[in-house]
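Hi,

Here is the structure I promised to pass on. Have a look at it first, and then read my notes below.

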Amino acid sequence: MSFFSGPSSPPGCTSIQEQRDRWERKRSRTAKELVQTEQRYCQQLELINTYFVEILKAKGTLKPGIRESIFSSIKAIHSVNQSLLVHLENGYFGRGFDQFCPHLNLYNTYVDNIYNSSKVLRIQLKKNKAFRRFKKLQEERPEFNDQRLEDLLQLPVLRIDQYKHFLQDLAANTSPDHPEFQQIARAVDAVCEVSQRIQNNTRRHENHLQLCRVQKLLKGRKTKVLAAGRWYIREGWLKMVPTKGKEAKPKMFFLFSDILLQAKRCSPLHPTNGDKFAGQHAYPLQDCSVEKVFGHTRSQGGLLSLTFPKAKLLLMSNNQEELNDWYQSLISAVRKLQNKTNDFQRDDSSRRPLHSDGESNNRKRTMVSSDSTERAQRSAGEWESSAPKRLKQSDAEDSAASSSSGCVIL
């Protein structure tokens with residue numbers, strides 16, 4: 001093709017053609033890299049299926065349920081990707097991904113199981129001597145190039161992110177009137193959904209690890225940190241300013257998406273809990289208001305005022321940056337919780353059926369009232385039967401303050 005611009009050439013013709021040529025070069029480079037990486041990926045999947053899945057199935061080293069927990073849908077993924085590779089090697093990128101994307105549910109199953117897979121694998125390596133020896137022998141094969149099974153099992157998760165970038169580059173360098181453009185655009189959307197799923201799973205897993213870590217920091221089992229829908233936000237030391245001119249005492253605070261947990265350090269002389277904390281109070285954030293107060297500290301820093309329906313906390317820090325971080329974290333947590341509650345109430349009211357029979361309404365109201373009364377009586381009996389007989393003087397003061405403030409005593 002000649003790029004010579006003669007006198008009769010329309011203005012801008014050369015620049016448009018040059019742009020198209022640049023797109024085509026970028027598209028060719030992306031396509032070549034996609035094919036090469038897909039070939040390597042399929043080879044690695046074949047290693048897992050040939051030297052682990054199939055042999056373990058034949059030998060019976062692992063029970064079928066355990067083997068399924070570790071390898072999940074990787075055999076089906078290998079089969080689907082082999083078909084994709086054939087299309088890619090023949091240059092049919094749009095058609096290949098158009099047929100591949102309906103099978104992304106196999107990747108959804110795999111990425112949802114990946115953390116459980118790692119956990120089961122660690123347990124089997126610790127308890128199953130035959131499997132531990134088998135794994136070591138297989139990994140020493142020259143085909144594995146010093147790759148460990150743990151790393152190979154992460155490949156489908158990593159490949160989704162690679163697909164996302166490859167497809168986005170292909171779409172960006174493919175003309176909208178190209179016959180494969182719509183197919184590639186659909187593939188971008190489908191792969192991005194799986195990529196987002198992976199990110200969400202990672203966040204949930206990391207949050208679960210944080211909740212477990214905080215739970216282990218607290219002595220005993222009375223303070224329950226692990227709860228459905230709860231998210232860890234931050235933790236740190238803040239000084240509690242008492243209402244009556246006493247000295248401010250440092251307390252450890254753990255901020256979650258729904259509560260602010262106050263704790264104190266256990267005695268370092270304790271034989272088993274010297275490095276742990278004792279949970280004192282859990283303040284619900286639902287109806288909390290947060291204000292920043294200045295001028296109450298001589299050095300840099302300030303006060304945070306937390307107001308609950310029946311309680312108020314003054315928290316002090318001499319570090320201005322730390323104080324600002326706590327303020328922003330608290331404000332954000334309260335706002336998200338309140339917005340979530342408002343959305344739920346709107347959805348609930350929109351789904352509530354309309355009753356025309358007043359008598360049935362009265363009957364339901366009476367049933368709810370009697371059920372609520374019974375539950376309240378049972379709860380009161382449980383609180384009375386489980387009440388502690390004696391408290392230390394310092395704990396008694398904290399308990400008295402909390403019982404009048406409406407927070408949960410831990």
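**Cysteines first**

Cys-212 is partly exposed, with 22% relative accessible area. Cys-192 is partly exposed too, at 24%. Searching the whole structure for disulfides turns up zero. Before you go further, bear in mind that this is a predicted model.

**The chain overall**

The chain has 410 residues, and 37% of them count as buried. Its secondary structure comes to 12 helices and eight strands. If you take the contacts between residues at least 6 apart in sequence, 61% of them join residues at least 24 apart.

**Two cores**

As you know, nonpolar side chains in soluble globular proteins tend to be buried together. Here the largest nonpolar core has 52 residues, and the members that touch the most others are Phe-71, Phe-97, Tyr-107 and Tyr-163. Helix H1, which runs over residues 13-59, gives the most to this core, with 11 residues. Apart from it lies another core, of 22 residues; Met-240, Leu-306, Tyr-327 and Leu-337 are among them.

Phe-97 is a good place to start clicking around. Which residues is it in contact with, once you leave aside its neighbours within four places in sequence? They are Leu-34, Leu-84, Leu-88, Tyr-163, Leu-167 and Ala-187. Two of those residues, Tyr-163 and Leu-167, are also on the list of buried residues in H8.

**Helices H8 and H5**

H8 covers residues 155-172, 18 in number, and reaches 26 Å from its first C-alpha to its last, close to the 26 Å expected at 1.5 Å a residue. Its buried residues include Leu-155, Val-157, Ile-160, Phe-166 and Leu-170, but also Arg-159 and Lys-164.

H5 takes in residues 105-127, so to speak, and its 23 residues reach 32 Å from first C-alpha to last, close to the expected 33 Å. Where is the kink in H5 centred? It is centred on Ile-114, with an angle of about 50°. Ile-114 itself is buried. Other buried residues of H5 include Tyr-107, Tyr-110, Val-111, Val-120 and Leu-121, along with Asn-108, Asn-113, Ser-117 and Gln-124. Tyr-107 is the one you met above, among the residues that touch the most other members of the largest core.

**Salt bridges**

The structure holds 11 salt bridges. One of them pairs Arg-186 with Asp-98, with 3.2 Å between the closest N and O atoms. Arg-186 belongs to helix H9 (residues 181-217) and Asp-98 to helix H4 (residues 93-100), so this pair ties together parts that are 88 residues apart in sequence. Both ends are partly exposed: Arg-186 has 44% relative accessibility, and Asp-98 has 30%.

Then take a look around Lys-135. Its side chain meets that of Glu-139 in a salt bridge at 2.8 Å, N to O. These two both lie in helix H6, four residues apart, which is about one turn of the helix. Are they buried or exposed? Lys-135 has a relative accessible area of 7% and Glu-139 one of 14%; the cut-off for buried is under 20%, so both are buried.

Lys-135 also forms a salt bridge with Glu-150, at 3.2 Å from N to O. Glu-150 lies in helix H7 while Lys-135 lies in H6, so the pair ties together parts that are 15 residues apart in sequence. Glu-150 is buried, as is Lys-135. Salt bridges with shared partners join Lys-135, Glu-139, Arg-148, Glu-150 and Asp-151 into one network.

**The loop between H6 and H7**

One more thing to check. Most residues other than glycine have a negative phi. Asn-145 has a phi near 50°, a positive value in a residue other than glycine. Asp-146 has a positive phi as well, of about 65°, and is not a glycine either. Asn-145 sits in the loop between helix H6 (129-139) and helix H7 (149-152), and Asp-146 is found in the loop between H6 and H7 too. Are these residues buried or exposed? With the cut-off for exposed at over 50%, Asn-145 counts as exposed because its relative accessibility is 52%. Asp-146, at 75%, counts as exposed as well.

Cheers

Note on methods. Residues are numbered from 1 along each chain as its sequence is written. This is a predicted model: local features need pLDDT of at least 70, side-chain atom pairs count only at pLDDT 80 or more; totals for chains, interfaces and linings use all residues. Side-chain values use heavy atoms; hydrogens and water are left out. A nonpolar core is a set of buried Ala, Val, Leu, Ile, Met, Phe, Trp, Tyr and Cys residues joined through side-chain atoms within 4.5 Å. Buried means under 20% relative accessible area, exposed over 50%, partly exposed in between (1.4 Å probe, protein chains only). Contact means heavy atoms within 4.5 Å. The expected span of a helix is 1.5 Å times one less than its number of residues. The bend at a residue is the angle between axes fitted to the seven residues ending there and the seven starting there. A disulfide is a pair of cysteine sulfur atoms within 2.5 Å. A salt bridge is a side-chain nitrogen of Lys or Arg within 4 Å of a carboxyl oxygen of Asp or Glu.
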